[in-house]
Amino acid sequence: MSIEIELIAEDWMMTAALIGLTRLYKNHPYPPVVTQRGLTLTEDHLRSFSQSYVEWLISEFSIVERDVKRMGWAKTQVEQVMSMQPDEPEQVVARTEKVQAAVKSIRTIVVEQLKKVEKYFADMDEYKQLNQLAARLDDLSKDKQAWEKASEVKTAIEDYRRIMSVPVINEKLTLNYAKAVILNVFFGQTSILQPTFNARSTIQHIQQLDKDFSMPALYDLQLYGELCKPAEQADIVDLLRTYSEVYKPFKDWLRKVKKMNSKQEIHTYFQQEVLPCFLIPGMPASQSYEELTFSPLALSKKNAVNFNWNFDKDTPTPISALARLLLFAVPAGLTVYNRRIGTEDFNETKRFFGVILTQSYFGVNVKLNNHYRALRNGGTTFDEAITNILDESHDKAKNLGHSYLFVELHSEYQMKKTLLDYYHMPPYLVTFLSQYGKHIHYIQHNYSKEAFVRALLKGIDPKQVVYELLRLAIQPKMKNPDASEQVRQAESSRLAYSAFVATRNRRRLLDAKQKIADPSKGAKSMAHTDAKIYIVYRQGIELRNRMLDIRPREQTEGKTYRAGGQKKLESIAYRLLNAAKAGDKSAFMDTVFRVYMSANTTGARQSNEKPKYLEVSNIFLEGLQENGIDFDTIATAFIAGLLGNNEKSNPSSRDDNVATNNEDTNETSEEAR
């Protein structure tokens, strides 16, 4: 009878490991049984672990599929050229440049892999074919009539797929890529991750994993099975003797227990004297948790002096071989994606690994992470993936009462460096994102949008993200330094509207938090606040329009000079932004009153008709009081309006501005007047 053990997903590492096992054994004739708390693993699963693991690596990280996906941009460029009308001679140069750029990008990938194929398979016919393909692409990239041969690019991509899909080539390059990029960051150069294995076959990889992981875990599981029996029925000594020559822990234990007089004494020894595995209750520890086991969260034995269990320096943190195998499956349970970290000005892109945990059953966690992985692999951003997961919940009303935990890590084995982030999503945040998560997508600045969501998950007030958006709106960074003034102002308006969206959603979050303390504040109260924020935003727009009307752009040498109302607005916006960030309410309101007085008096002098008198809304007073809308919300909404145009230039505003078309808007307008 096969021995089985139920493994419990008690923390994020074990959860990721067990999720990984469900993926590794997806095509197994008898996959592990998923239970409420984890899954049940048997001896048969351990015997097939190595083969399942290697096959999963090859399938998941296929170098052919990865490269063809990278060629997707080039394919799109070529399709655009092929769709152009042939009777447009003025487009010949543009067509040629597009095709040549596409060909060069494909050739770069081909040459990159050609060097690797030459290293391992120089005597194969596929190497010659790949060499010929690279030469064809080189000729096409220099052809001045390349646009006429655009269809050859798609043919080249298919030829590349055919050549590289030969199993021996694809498996070799895929395994080397997966080991270097995915596994090495977690385990250094242990087992198959040693550089010498780069030249070895797939079978040799499986055999080595059997030796290092599968068989030791199987021996430990069999010992666990004997220890679960009554003492008189257990054959512990026979089991230790059977594997003592191939498994050192059994040899060491055999040396001690063979001197004992009874089975009960042996049973008691393992129950009371042998250190237990700290990851799997009830299983004796046969080794130690250290860097070669799981690099991101472990120390070497030499440096683990504060972790010694019973002052045993050889086993500072005891684990079983089965636990080590589970840790080796952790990467399979994580979602891999690139993430930009740093600031807008100084940043870098790093590869991160993530997992989502809930308070629900383990099976729910498996489905949730599979969905999250599919979204991120499809190019969905972090914030979009979160809201999509909540929207796609099969029992949304029930899940709104749950909390979520996101774990992200980046590890660099050589640098001994690990970045580990925990993002907690309590029920109120789940409710907020379910209701307003899609509105956050209207923040039309990807870096700020992700920073906004991460601030929410960390429990940090995202007002600094809003202030940064306003700063960018005042002086937007243009990819083209020669962009026209009209283009620059359009970008400024887009960023300003994004700041308004961020301001309103920040306030919605604060209201969601307050609702926890005071349930009487419901949806109507939140809509009422939305309307007030919109009025402040509109006041900024009206003041902007008035200032641009009364300060017409001056003409200098036939060119439009930007020293008119726009430059004045930027100066005022800087002054208001600095006061708001410093929390100086007096300076902020003083500037607001002065600008309004100037706009009204100057407008009256320069206009033939008496202009509408602009009044400062009473809503501004709420920012000076303890009760009501906070100062940061009022300040950022007003500055966003001052920098942006009317919402008609922002189509998304019609979708997001849900609070401005209900009865609360009219009520709040009366209050403002």
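## Accessibility and the predicted model

A residue is called buried when its relative accessible area is under 20%, exposed when it is over 50%, and partly exposed in between. The structure discussed here is a predicted model, and its salt bridges come to a count of 39.

## Pairs within helix H8

Glutamate 158, with a relative accessible area of 42%, is partly exposed, and its salt bridge with arginine 161 has its closest N and O atoms 3.9 Å apart. Arginine 161 is likewise partly exposed, at 26%. The two residues lie three positions apart in helix H8, which spans residues 151-164, so that about one helical turn separates them.

A second salt bridge in this helix joins the side chains of aspartate 159 and arginine 162, with an N to O distance of 3.8 Å. These two residues are also three apart in helix H8, and about one helical turn lies between them. Aspartate 159, however, has a relative accessible area of 16% and is therefore buried.

## A pair between strand S8 and helix H20

Glutamate 408 and arginine 454 form a salt bridge in which the closest N and O atoms are 2.7 Å apart. This pair links distant parts of the chain, since glutamate 408 belongs to strand S8 (residues 404-412) and arginine 454 to helix H20 (residues 446-458), 46 residues apart. Glutamate 408 counts as buried at 1% relative accessibility, and arginine 454 is buried as well, with a relative accessible area of 7%.

Both residues also take part in a network of salt bridges that links Arg339, Glu408, Asp421, Glu450 and Arg454.

How values were computed
Residues numbered from 1 in each chain as written. Predicted model: local features only at pLDDT ≥ 70, side-chain atom pairs only at ≥ 80, totals over all residues. Heavy atoms only, no water. Salt bridge = Lys/Arg side-chain N within 4 Å of Asp/Glu carboxyl O. Helix = DSSP H or I, 4+ residues; strand = E, 2+ residues; numbered from the N terminus. Buried < 20%, exposed > 50% of the residue type's maximum accessible area, 1.4 Å probe, protein only.
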